[in-house]
Amino acid sequence: MSLGCLTGNGKGTKIDGSYSYQQRGRVEAFPPDMVPDKAGGEAAIAFSAGSLTDGEAGTQVGWIGNTVGEMGADIVIDLKGSYFVDRVVLHQVGREAEELPTADKYGNVAIGEVPDYVEPTGVNCVEVYARNSNGELFLAGAVGKRRQVKPLDDESLSVSVAEVTDQLIVRMDSFNRDILLTGMEIWGASIDEPKVFPVPQKMTFDGKGELKLGKSPKIVVGKDADEDTLFAATLLAEKIKENLGLTAKIVRDGDGEVVLGKPGECESLDKAGLAEAKPEGYTLNIKTDGAFLIAGDRRGLIYGAETLLQLLGTDVKDASAATCLIEDYPKMEFRGVHVFMPHRKDIPFIKRLIRYLWAPMKMNTFFLQVTSGMKFDRRPEINETWEKFNTEAAEGKRPPVPHGELGGGTYLSKDEVRDLVKYAKSYGFEVIPEVQSLSHVEYLTMTYPEIAEKPGVYPDAYCPLNPDSHKIIFDMIDEVIEVFEPERYIEMGHDEVYTLGVCERCKDKDRAELYALDVNKIYDYLKSKGLGMMIWSDMIQDFRPYAVPGAIDMIPKDIVMMDFVWYFATDRDIETRLLDHGFKVIMGNFYSSHYTRFARRSAREGVIGAEVSTWGHADEHHFGDGGKIYDFIYSANMIWSDHYSDDLRWVMDRKIAEMMPILRWRISDARLPAPPSEAKSFNPIDLAGAITAPLRDAGGAKGGYDLTGLPTGDTTLKGVDFRIADGVVLVEADGRCPAQVEVPVGAKADSLMFLQTASADSTVRTPLGRYELEYADGSTAAVDIKYGWQLAEWNRRFAAPLAHIRHRHRGYVGTYPSVAAWQGKTPSGEDVTLYGFEWANPHPEKEIKTLRIKADDSATDAALITAAVTGVTY
């Protein structure tokens, strides 16, 4: 497989490509004249031979400024085959000119004051052109501007490409300055990579054929197969039925298409001679006569089965997998998600996440925040007050309750929680309950105001010296242990203690000592129960204004620290302070969109995992709207695989976009009859008579959109047939375009697929327009189209992280209900995205007479753009 740094550069296995030097606009060779390439420069240079791609820090190539002039230099790259190129990274030596001494008014400088003048180096613009399947070059991406005076002073210049191509031209403009390069990296993958997600540590294809499943495939386990093996075999059989429609049979010993188990359980598996797997790992060998899967534990067996399922795919017409050998194991010990206790109506959704997302993505830790979300028999008043105050808040009788989304403002019975915990554990999850203590304890102080550190509407902290505080916490811990039966840990909060040392008991005490006293009391109580403790780490960091950094030396070093305030100091490796003091660290509130220097920081000794947090309603809408479902998937690969790199973001995004339609269909509360890939027919609706705007907003009045790269006519995008006209339907309530258009349909449909985008960005969840159906019998149905839900602006690449750190908890514009149906480029290299949104027809039995596309009355900036509509029949 080719996945990673395609040029090698000491960072991966190089492909059989080459590069050459040319001057812009000339076909003649233009070899570096200041520092020559060690391989020459008059002819093409193999990636394996050149200075730019050898990965050695000491090698350089460079041109003299007077040589490149204002035309610059090109590096022409031949990939010798089509690849998805994520980005091109140039490493340069930047150098400012030395200052000349001050001259007099005649321009004279005193003798002896003229230094050796050093010319500046550095490019001011890098453009990357890619060749498409028609052989045409187009601008795929750029950094900087041509002919600007000041050069780019970054040592590494990363140009996003995100295109399939076989040839690139890297064009450098230095505006008469010297160019001095230390390396060039091309990051990307073979068009069909990665085949498995998260990316396995080792995966080789032998090219000897493929394994084909029969109509009734057999899954073979040993006579001594234990519960772990039987669970994995049953899961595999169930999902083969779900994905491929084949009824698999589990048999004891003998021959079959799949053989799985632990070492020593099955004779035919032992004969396969597979390498023994690491903890949580697996070895999978797919041959033409069968797939052989071995693992040492339940997690490894589940993860191996899920990998096999990915390779088999979901095409019922071709249930097969190419022959290969995979040896896989986790990068990090803890791979977690943090979730509020759900409302009972959302328990089925959480279970579907476990079965179809978290377990297949090889997550292994489920942090479930309890707060008041579980019934406490010893202290029922906690639940009663929680429910009462949330109800009154919903009625407007009191302010919203902090974290009132937990449990949907109510609580679950112990049996409901026990069932959810048991379900998660069956999929190999360690379930770690979080009992928020000392801080964020409004759920306690509004029940027991006498323990509050400071009176108020919702006091945020209890008094650590009030003996009743710990009586309450210990009662809760006992009941949590009874229900959860934790394996190793309970997470005890202790973050953001804003109110400490102010009550009559505490006001003369040292804040650090008060904090440590509370931590140590709870630590000792958990230890007496045979359990360890986890807490959030911000209070012992040294840069938060409310923190007590001195407490770091007052608490036990075997407390696991959930280090979440990294996003307030992205230029620092803040875990260093914790590691240096002997703590183990989990990257808390880990968000793939904003975490910096992950590859290096995650490899540090003592950093044992990462946890993706959600802070709101535990339901499909809020997870999707908040970008968390995408974040779960992207983060899972970071935490599992050594093959992760920040330079492969669009490679991974491309894979996730491919996975999302079937995944969304599996976990959704309101499913269509089948995923789009199983549609029986498509009926493109002709919009030609309803066009209100051209494919390009030449005047810039509507965001300057440019969709001229979009294929027109009858075309297929992401497996859906569309008919795209030479214009779009743009509706706006107060502008030059109509506020509403009507499109005749005259057909039935199970769903409608809309190819759409927005003319500009907007506030998340702002309605831009609506689609309204009028049926033949005169009845109607409609769906509102909101920015940040079914679409985003036309020039935002799908799933591009939100730039500002304030968006850390969201991370992405969560266009969860939609797919990136088409992504392309403008002539100036801007990304373009059109979103495919499928709306389930509320009345598929009725003929649709008319489709109305309407602007929202309050939308005055961003406008809804509809490029095509297709009726779908299942």
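Are Tyr634 and Tyr644 buried or exposed? Both of these tyrosines are buried, and you'll meet them again in the second view. One thing to keep in mind as you look around: this is a predicted model.

**View 1. Helices α14 and α15 cross each other at a slant.** Here we're looking at helix α14, residues 628-640, and helix α15, residues 649-667, whose axes come within 10 Å and cross at roughly 130 degrees. That angle is why α14 counts as oblique to α15. The crossing of α14 past α15 is right-handed. On the α14 side, the residues that touch α15 are Ile629, Tyr630, Ile633, Tyr634 and Asn637. Their partners on α15 are Arg649, Met652, Asp653, Ile656, Met659, Met660, Leu663 and Ile667. Sort the residues of this contact by class and you get 10 nonpolar, 1 polar and 2 charged.

**View 2. Aromatic rings meet edge-to-face around α14.** Searching the whole structure turns up 33 aromatic pairs, and this view picks out a couple of them. In one, the rings of Trp358 and Phe632 have their centres 5.5 Å apart and their planes at 90 degrees, so we call the pair edge-to-face. Trp358 sits in helix α5 and Phe632 in helix α14, so this pair ties together parts that are 274 residues apart in sequence. Trp358 and Phe632 are both buried. Another edge-to-face pair is made by Tyr634 and Tyr644, with 6.2 Å from centre to centre and 80 degrees between the planes. Tyr634 belongs to helix α14, while Tyr644 is in the loop between α14 and α15, 10 residues apart. And back to where we started: Tyr634 and Tyr644 are both buried.

**View 3. Helix α5 is largely enclosed.** How many of the 12 residues of α5 are buried? The count is 11, so the rest of the structure largely encloses this helix. The helix covers residues 347-358. Among its buried residues are Ile347, Phe349, Ile350, Leu353, Ile354 and Leu357. Lys351, Arg352 and Arg355 are buried there too, and so are Tyr356 and Trp358, the tryptophan from the previous view.

**View 4. Helices α2 and α4 run roughly parallel.** Helix α2 (residues 227-244) packs against helix α4 (residues 298-312) at an angle of about 20 degrees, and their axes are 9 Å apart. The two helices are therefore roughly parallel to each other. As in the first view, we have a right-handed crossing, this time of α2 past α4. Among the α2 residues in the contact are Phe231, Ala232, Leu235, Leu236 and Ile240, along with Glu227, Asp228 and Lys239. On α4, the contact includes Leu301, Ile302, Ala305, Leu308 and Leu309. The class tally for this contact is 12 nonpolar, 2 polar and 5 charged residues.

**View 5. Helices α7 and α9 meet through nonpolar and charged residues.** The axes of helix α7, residues 414-426, and helix α9, residues 467-484, come within 9 Å and cross at roughly 50 degrees. That makes α7 oblique to α9. From α7, the residues in contact are Lys414, Val417, Arg418, Val421 and Lys425, and they meet Glu479, Glu482, Val483 and Phe484 of α9. By class, that's 4 nonpolar and 5 charged residues, with no polar ones.

**View 6. Two prolines follow cis peptide bonds in one loop.** Follow the chain from Glu193 to Pro194 and you'll cross a cis peptide bond, with omega near -5 degrees. Pro194 is in the loop between β9 (179-190) and β10 (202-212). Phe197 and Pro198 are joined by a cis bond as well, with omega about -5 degrees. Pro198 also lies in the loop between β9 and β10.

**View 7. Ala162 and His440 have positive phi values without being glycines.** For Ala162, phi is near 55 degrees. This alanine is part of strand β8, residues 156-173, and its relative accessibility is 5%, so it counts as buried. His440 has a phi of about 50 degrees and sits in the loop between β19 (430-437) and α8 (442-445). With 19% relative accessibility, His440 counts as buried too, because the cut-off is under 20%.

**View 8. Thr121 is tucked into a loop.** You'll find Thr121 in the loop between β5 (73-92) and β6 (125-131). Thr121 is buried, with a relative accessible area of 1%. Its C-alpha atom is 9.2 Å from that of Asp153, a residue 32 positions away along the chain.

Methods
Residues are numbered from 1 along each chain as its sequence is written. This is a predicted model: local features need pLDDT of at least 70, side-chain atom pairs count only at pLDDT 80 or more; totals for chains, interfaces and linings use all residues. Side-chain values use heavy atoms; hydrogens and water are left out. Axes are lines fitted to C-alpha atoms, for helices over the stretch in contact, and angles run from 0 to 180 degrees between N-to-C directions. Helices (H or I, at least four residues) and strands (E, at least two) are DSSP runs, numbered from the N terminus. Angles under 35 degrees count as roughly parallel, over 145 as roughly antiparallel, 65 to 115 as roughly perpendicular and the rest as oblique. A crossing is left-handed if the near helix is turned anticlockwise from the far one by less than a right angle, and right-handed if clockwise. Contact means heavy atoms within 4.5 Å. Ala, Val, Leu, Ile, Met, Phe, Trp, Tyr, Cys and Pro count as nonpolar, Asp, Glu, Lys and Arg as charged, and the others, Gly among them, as polar. Rings of Phe, Tyr and Trp (its six-membered ring) pair if their centres lie within 6.5 Å; planes under 30 degrees apart count as stacked, over 60 as edge-to-face and the rest as tilted. Buried means under 20% relative accessible area, exposed over 50%, partly exposed in between (1.4 Å probe, protein chains only).
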